[in-house]
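Here's a friendly walk through one protein model. Have a look at it first, and then we'll go through its parts together.

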Amino acid sequence: MKDFKQKADNAVFVASAIGPWGILMLIVGIVGLVKCCITKPPDLTKESINKSGNIVEHVMVLDSTNNGFRVVYATAEAVTNEKYEEIRGRPHIQTRFNRLKVEAPKYFGGSLLNTDICDFALYAYRFPIDNDLRIHNIFIAGKEKMNLYVQPNPNLPNCATWMNFGTEQGNQYLNFHDINVYVPNGGKIYRYWKCRHLLQVSDNDERFSHFTEDERLF
C-alpha cells in the first residue's frame with residue numbers, strides 16, 4: 001500500500017512538473033508515432049504535387065520510301081515522374097507502336113507520300129495503344145513528303161523554297177485538339193509549323209511554302 005501511494009505521489013509530482021501542455025504534447029507525440037506505424041505509405045505514382053504531362057515517344061510511321069508521319073504520344077493526364085516511368089515501361093505499348101508502324105502503310109495502300117494528314121490522324125486516333133496515352137502532335141515526315149510544303153508559292157513573294165529539316169519550319173502538322181476533337185468529329189484542318197499570321201493554318205492541304213526567307217528560323 002505504501003509503495004502504491006509512493007508511485008501515485010511520484011506521478012502527481014511528474015505531472016505537476018511537466019504541466020498540462022507538456023502532457024498534451026506527449027499524448028500527441030504518442031498518437032502520431034502509432035499512426036505512422038499503422039498508416040499505409042503513399043503511392044508515389046499517384047500522390048504528388050509535382051505532376052506534368054510528358055512526351056512518351058515520337059513514333060515514325062513510314063512507308064518503304066521513308067515518307068509518312070511522326071506521331072508524338074504523351075501521357076493523357078498530368079502524372080508524377082514515378083507514374084510516367086511506369087507507363088513508359090509497359091511492354092504492350094512498344095508492341096502496339098510497332099503494329100502501328102506496320103499496319104498504317106498497308107491500310108493506306110502501301111504508300112504514305114500523298115496520304116492526307118487528317119485521314120491519317122483519324123486512323124491513328126482510332127488505333128488502340130493505351131488508355132493512359134494520347135496523341136499530342138502529328139507531323140509530316142520524310143524528306144520527299146516534307147519538301148511538298150516548300151514548293152513555290154506564287155502569292156508569297158520571296159517565299160522559302162527549301163526546308164531546314166532541323167527546325168521543320170513550314171512543315172505540315174496537327175495539334176492535340178485537332179487530332180483528339182476536331183478531326184474525329186468530321187473536321188479537316190491543316191497547320192504549318194512556325195509560320196505566321198494567316199499562313200499558319202488552312203482549310204485545304206496546301207502543298208506550297210507558307211513562310212518567306214525573311215521569316216526563316218535558322
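## A first look around

Let's start with one residue: Tyr 173 is buried, since its relative accessible area is 15%. Keep in mind that what you're looking at is a predicted model. Tyr 173 will come back a couple of times below.

Now for the whole picture. The protein has 218 residues, and 37% of them count as buried. Its secondary structure adds up to seven helices and six strands. If you read along the sequence, the elements come in the pattern α-α-β-β-α-α-α-β-α-β-α-β-β.

## The sheet

How are the strands ordered in the sheet? They make up an open sheet of six strands in the order β1-β2-β3-β4-β5-β6, with antiparallel pairing. The edges are taken by β1 and β6, each with a single partner strand, so one side of each has no neighbour in the sheet. As a bit of background, strands of a sheet pair through backbone hydrogen bonds, and they can do so in a parallel or an antiparallel way.

Begin at the β1 end. Strand β1 (residues 55-62) pairs with β2 over seven bridges, in the antiparallel sense. One place to spot this is Ile 55, which stands opposite Ala 74 in β2. The two strands form a hairpin with five residues between them, and Asn 66 in that turn has a positive phi of about 65°.

Next comes strand β2 (residues 68-75), which runs antiparallel to β3 and is joined to it by eight bridges. Eight of the eight residues of β2 are buried, so this strand is largely enclosed by the rest of the structure. Strand β3 is mostly covered as well, with seven of its nine residues buried. Moving on, β3 and β4 also run antiparallel, joined by two bridges.

Here are some partners to look for between these strands:

| Residue | Partner | Strand of the partner |
|---|---|---|
| Phe 69 | Ile 140 | β3 |
| Arg 70 | Phe 139 | β3 |
| Phe 139 | Tyr 173 | β4 |

Phe 139 shows up twice there. Besides standing opposite Phe 139, Arg 70 lies over the face of its ring, at 4.3 Å from the ring centre. A second arginine does something of the kind elsewhere: Arg 216 lies over the face of Trp 162, at 3.7 Å from the ring centre.

## Aromatic rings

How many aromatic pairs are there? The count comes to eleven. Take Phe 108 and Tyr 123: their ring centres are 5.7 Å apart and their planes are at 70°, so this pair is edge-to-face. Phe 108 sits in the loop between α4 (91-107) and α5, while Tyr 123 is in helix α5, so the pair ties together parts 15 residues apart in sequence. Tyr 123 is buried, with a relative accessible area of 14%.

Then there's Tyr 173 again, this time with Trp 193. Their ring centres are 5.1 Å apart and the planes stand at 90°, so this pair is edge-to-face. Tyr 173 belongs to strand β4 (residues 172-174) and Trp 193 to the loop between β5 (190-192) and β6 (201-202), so the contact ties together parts 20 residues apart in sequence. Is Trp 193 buried or partly exposed? At 24% relative accessibility, Trp 193 counts as partly exposed, because buried means under 20%.

Some of the rings also group together: Phe 69, Tyr 107, Phe 108, Phe 120, Tyr 123 and Phe 127 form one aromatic cluster.

## The largest pocket

Last stop: the largest pocket, which holds about 210 Å³ of space. Which elements help to line it? Both α5 (117-126) and β3 (133-141) supply at least two residues of the lining, and β3 gives the most, with three residues.

By type, the lining residues divide into eight nonpolar, two polar and two charged. Among them are Tyr 73, Tyr 125, Pro 128, Asp 130, Arg 134 and Asn 180. Phe 127 is another residue of this lining, and you've already met Phe 127 as a member of the aromatic cluster.

Note on methods. Residues are numbered from 1 along each chain as its sequence is written. This is a predicted model: local features need pLDDT of at least 70, side-chain atom pairs count only at pLDDT 80 or more; totals for chains, interfaces and linings use all residues. Side-chain values use heavy atoms; hydrogens and water are left out. On a 1 Å grid over the protein atoms alone, a cavity is a set of points where a 1.4 Å probe fits but cannot get out, and a pocket is an open set with protein on both sides within 12 Å along at least five of seven lines; lining residues have an atom within 4 Å of a point. Grid points are joined across faces, edges and corners, and a volume is the space filled by probe spheres set on the points. Helices (H or I, at least four residues) and strands (E, at least two) are DSSP runs, numbered from the N terminus. Ala, Val, Leu, Ile, Met, Phe, Trp, Tyr, Cys and Pro count as nonpolar, Asp, Glu, Lys and Arg as charged, and the others, Gly among them, as polar. Rings of Phe, Tyr and Trp (its six-membered ring) pair if their centres lie within 6.5 Å; planes under 30 degrees apart count as stacked, over 60 as edge-to-face and the rest as tilted. Buried means under 20% relative accessible area, exposed over 50%, partly exposed in between (1.4 Å probe, protein chains only). A charge sits over a ring if NZ of Lys or CZ of Arg is within 6 Å of the ring centre and within 35 degrees of the ring normal. Two strands pair if DSSP finds at least two bridges between them.
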